[in-house]
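Visitor: I have not seen this one before. Can you walk me through it?
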Amino acid sequence: MTDDGALLLAVETSCDETAAALVTRDGAIRSSIVSSQAALHARYGGVVPEVASRRHLELVAPVVEEALAEAGATLDDVDTVAVTQGPGLVGALLVGLSFAKALAWARELPLVPVDHLHGHVASLFLAPDPLEPPFACLLASGGHTQVLAVRDHDRVERLGTTLDDAAGEAFDKGARLLGLGYPGGAAIDRLAADGDADAYAFPVARVAGLDFSFSGLKTALLYAVRDLDEAELDRRRADLAASYQRAIVHALVARAEEAIERTGLDRIAVVGGVAANSELRSALPGAVFAPLALCTDNAAMIASAARFVPSVPPPGYLGLDAYSSAT
Ligand code: KG4
Ligand code: ZN
């Protein structure tokens, strides 16, 4: 098929999404398949690492096959394999990493190990509207909340991070307290539309520099919910969701604006699962948001990042290990 050059095949298994994508060197997405395990983990109220690893094992090959089929491609069209190396759940990461190593080795292809957070930033570099660095970036996901200065496609400087929970984690824990199930960010987003955001004054922790803290907010919601009986909670649930969401959004917006001031960079971009939040999107009208389909975990963003990372020729990559925490 490809008359415009070979494709990158990327695999992403860092948490509870099994994803594969085919992307051109120019950043055009040929296919992007995401198989979410959310329903599987919902009954536990969060991701169970061992369950996630086992499910990735079952899904990774069919998801890659589906990505090839949707792109109308075969492995002959692939000249590079990319894979998320970390941070994430190590067991989950190892499934994707082992699969990618085996595939690259069998096909005698180079492998590109990609940092998951670099991947979220690189969701902005894809066609048809790639964002050119430099810019300031707010990365808010289930596992991370950071303020970054993106100097170049492969050069990202961290200016601030969360001292406790990530913004997405705050959404998920809040949703759980409100009885909305897992994952909760989108559920709070929907319910908040029917609520009064001024009903409750939830505190937004002020910490030094460009760091964040969300754990106090979660405790404040816990106390508010504990004071209500079931009927009252039913009546106030939308107000609680709206007020809680407002507090998280305020914290994120304040840091995004400070990032612009401190860095002198004139543009701010927002990536990661929480970038899908509708109130955040309207609270930062001047910001560039990752396309909705690329906010939550996917492999197209991993392929995108891989375009700017040196590939490792065989057999050098066989010894690569996964890592759990941000480097
Ligand atoms: O980037 P992502 O898929 O996974 C990580 O790398 O962590 O982000 C998932 C997070 C979850 O915490 C989920 O609740 C949150 O993104 N999320 C949202 C929305 N959609 C997803 N949070 C707020 N509003 C949304 N609409
Ligand atoms: Zn992510």
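What follows is a short chat about a metal site and some cysteines.

Guide: This is a predicted model, where local features need pLDDT of at least 70, side-chain atom pairs count only at pLDDT 80 or more, and totals for chains, interfaces and linings use all residues. Residues are numbered from 1 along each chain as its sequence is written, chains are lettered from A and ligands numbered from 1 in the order written, and side-chain values use heavy atoms, leaving out hydrogens and water.

Visitor: Which protein donors does the zinc ion (ligand 2) have?
Guide: His116 (NE2), His120 (NE2) and Asp297 (OD), at 2.0 to 2.1 Å from the zinc ion. Donors are N, O and S atoms within 2.8 Å of the metal (3.2 Å for Na, K and Ca); water is not among the atoms, so sites may look incomplete.

Visitor: How are they spaced along the chain?
Guide: As H-x3-H-x176-D. Histidine 116 and histidine 120 both sit in helix 4 (residues 116-122), four residues apart, about one turn of the helix. Helices here are DSSP runs (H or I, at least four residues), numbered from the N terminus.

Visitor: Is histidine 120 buried or exposed?
Guide: Buried, at 0% relative accessibility. Histidine 116 is buried too, at 5%. Buried means under 20% relative accessible area, exposed over 50%, partly exposed in between (1.4 Å probe, protein chains only).

Visitor: New topic: how many disulfides are there?
Guide: Zero. A disulfide is a pair of cysteine sulfur atoms within 2.5 Å.

Visitor: Why is cysteine 137 not in a bond?
Guide: Because its closest cysteine sulfur, in cysteine 295, is 11 Å away, too far for a bond. Cysteine 137 is buried, at 0% relative accessibility, and cysteine 295 is buried at 0%.

Key:
Helix = DSSP H or I, 4+ residues; strand = E, 2+ residues; numbered from the N terminus.
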